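Here are my notes on this model, in numbered points. Please read them with the structure open.

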Amino acid sequence: MTAPCEGCHSGVKLDFDFSMAFQPIYDVGRERVWGYEALIRGTGGEGAYAMLSRVSAEQRYRFDQACRVKAIELAARLFPADGDLKLSINFMPNAVYEPAACLRATLAAANRHGFPKSAIMFEFTEDEEVSDPTHLTRIITEYRKHGFVTAIDDFGAGHAGLGLLVEFQPDLIKIDMKIVRGIDTSRARQAVVAGIVGIARTLDITVLAEGIETQEEFFVLKAAGIRLFQGYWFARPAFEALPSIGVMLPPVVRDHGAAAPR
């Protein structure tokens with residue numbers, strides 16, 4: 001039996017309430033929504049920054065665990081029962097003490113709500129500096145054992161860069177919006193994205209472009225071989241609801257990039 005981790009008995013309880021908004025991830029190859037990312041919001045609709053700024057270091061563990069449970073609880077209610085949508089949940093690597101023990105609440109929530117573990121994607125942000133890459137590798141290994149999809153968020157704009165792909169290979173990487181923004185007029189951004197796509201294809205990693213705000217950005221990134229997209233141009237996050245895609249996309253030819261994880 002897995003021993004309780006430090007955070008299970010030392011994490012300080014939260015002194016505020018929160019909920020989630022959902023933003024769609026569009027699969028251009030299948031011409032449909034692939035999944036939804038759960039984004040932290042205050043119960044009055046306050047944004048993520050306002051909520052995250054209230055989390056103390058002592059509350060980090062409890063907050064990370066509560067976010068997972070809330071996201072699964074809402075997705076189980078909102079997602080169609082006969083669909084194959086993915087639920088993308090952000091997690092804090094530095095809030096995970098013992099990978100197996102820290103998954104208990106997640107697994108219990110999935111079982112309680114009848115939500116398939118294979119439909120859950122855990123993404124960690126490259127913006128969060130990870131002091132122990134070996135520990136991160138242990139987390140990813142444990143998550144994969146349970147059938148979860150793994151992803152690196154904000155890829156290309158954080159602490160580790162390509163070094164993360166040397167240490168381990170996630171199922172998916174999300175190209176940071178700082179690289180995406182204005183890519184239709186930037187040769188440098190186009191070259192960087194082409195390099196990322198090429199590396200990902202070689203390593204059998206799916207690429208998602210996030211932060212899409214214009215049709216021009218979408219067309220350039222699609223031409224680069226990217227299949228999954230997320231951003232305001234498709235839909236803004238909706239509080240405790242699943243927004244529909246807000247743009248009319250023309251028929252597309254399926255690209256030959258890495259297959260999206262299932």
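**Notes on strand β1 and its surroundings**

1. Strands β1 and β9 (residues 238–239) pair in the antiparallel sense, over two bridges. In this pairing, Phe-22 stands opposite Ala-238 of β9. Keep in mind throughout that the model is predicted.

2. β1 has a further partner in strand β8 (residues 228–230). The two run antiparallel and are joined by two bridges. Here Asp-27 stands opposite Leu-228 of β8.

3. The pairing with strand β2 (residues 32–42) is also antiparallel, and ten bridges join it to β1. Asp-27 appears again: its bridge partner in β2 is Arg-32. The two strands form a hairpin, with four residues between them. In the turn, Glu-31 has a positive phi of about 55 degrees. That residue deserves a look on the backbone plot.

4. Is β1 enclosed or open to the surface? Ten of the ten residues in this strand (residues 18–27) are buried, so it is largely enclosed by the rest of the structure. Both faces are covered. One side carries Phe-18, Met-20, Phe-22, Pro-24 and Tyr-26, all buried. The other carries Ser-19, Ala-21, Gln-23, Ile-25 and Asp-27, also all buried.

5. Ile-40 gives a view from β2, the strand in which it lies. At 10% relative accessibility Ile-40 is buried, because the cut-off for that class is under 20%. Leaving aside neighbours within four places in sequence, Ile-40 is in contact with several residues, including Phe-18, Ser-19 and Met-20. These three belong to the buried faces of β1. The contacts of Ile-40 also include Gly-47, Ala-48, Met-51, Phe-63 and Cys-67. Ile-40 and Ala-21 are 19 residues apart in sequence, but their C-alpha atoms are 6.5 Å apart in space.

6. Now the charged pairs. How many salt bridges does the whole structure hold? A search finds eleven. One of them joins the side chains of Asp-27 and Arg-227, at 2.7 Å from N to O. This pair links distant parts of the chain, 200 residues apart: Asp-27 is in strand β1, and Arg-227 is in the loop between α9 (215–223) and β8. Both residues are buried. Asp-27 thus deserves a second look: bridge partner of Arg-32 in β2, opposite Leu-228 in β8, and in a salt bridge with Arg-227.

7. A second salt bridge lies within one helix. The side chains of Lys-145 and Glu-142 meet at 3.4 Å, N to O. Both are in helix α5 (residues 133–145), three residues apart, which means a separation of about one helical turn. Their surroundings contrast. Lys-145 is exposed, with a relative accessible area of 62%, whereas Glu-142 counts as buried at 13%.

8. Glu-217 and Arg-181 form another salt bridge, with the closest N and O atoms 3.4 Å apart. Glu-217 is in helix α9 and Arg-181 is in the loop between α7 (177–180) and α8, so the pair ties together parts 36 residues apart in sequence. Glu-217 is buried, at 3% relative accessibility. Arg-181 is partly exposed, at 27%. Elsewhere, salt bridges that share partners join Glu-37, Glu-123, Lys-174 and Glu-210 into one network.

9. Asp-64 should be checked too. This residue lies in helix α3 (residues 60–78). Asp-64 is buried, with a relative accessible area of 2%. A polar contact of 3.0 Å joins its side chain to that of Arg-68.

10. Last, the surface. Which residues make the nonpolar surface patch of about 240 Å²? They are Leu-162, Ile-199 and Leu-203. Of these, Ile-199 lies in helix α8 (residues 187–202). Ile-199 is partly exposed, with a relative accessible area of 35%. That value qualifies for a patch, because the cut-off is over 30% relative accessible area.

Methods: Residues are numbered from 1 along each chain as its sequence is written. This is a predicted model: local features need pLDDT of at least 70, side-chain atom pairs count only at pLDDT 80 or more; totals for chains, interfaces and linings use all residues. Side-chain values use heavy atoms; hydrogens and water are left out. Patches are made of residues with over 30% relative accessible area and no salt bridge: like charges are joined within 9 Å, nonpolar side chains (Val, Leu, Ile, Met, Phe, Trp, Tyr) within 5 Å. Accessible areas come from the Shrake-Rupley method with a 1.4 Å probe; for residues, only the protein chains shown count as cover. A salt bridge is a side-chain nitrogen of Lys or Arg within 4 Å of a carboxyl oxygen of Asp or Glu. Buried means under 20% relative accessible area, exposed over 50%, partly exposed in between (1.4 Å probe, protein chains only). Two strands pair if DSSP finds at least two bridges between them. A polar contact is a pair of N or O atoms within 3.5 Å; within protein, one must be able to donate a hydrogen and the other to accept it, and residues adjacent in sequence count only if both atoms are side-chain atoms. Contact means heavy atoms within 4.5 Å.
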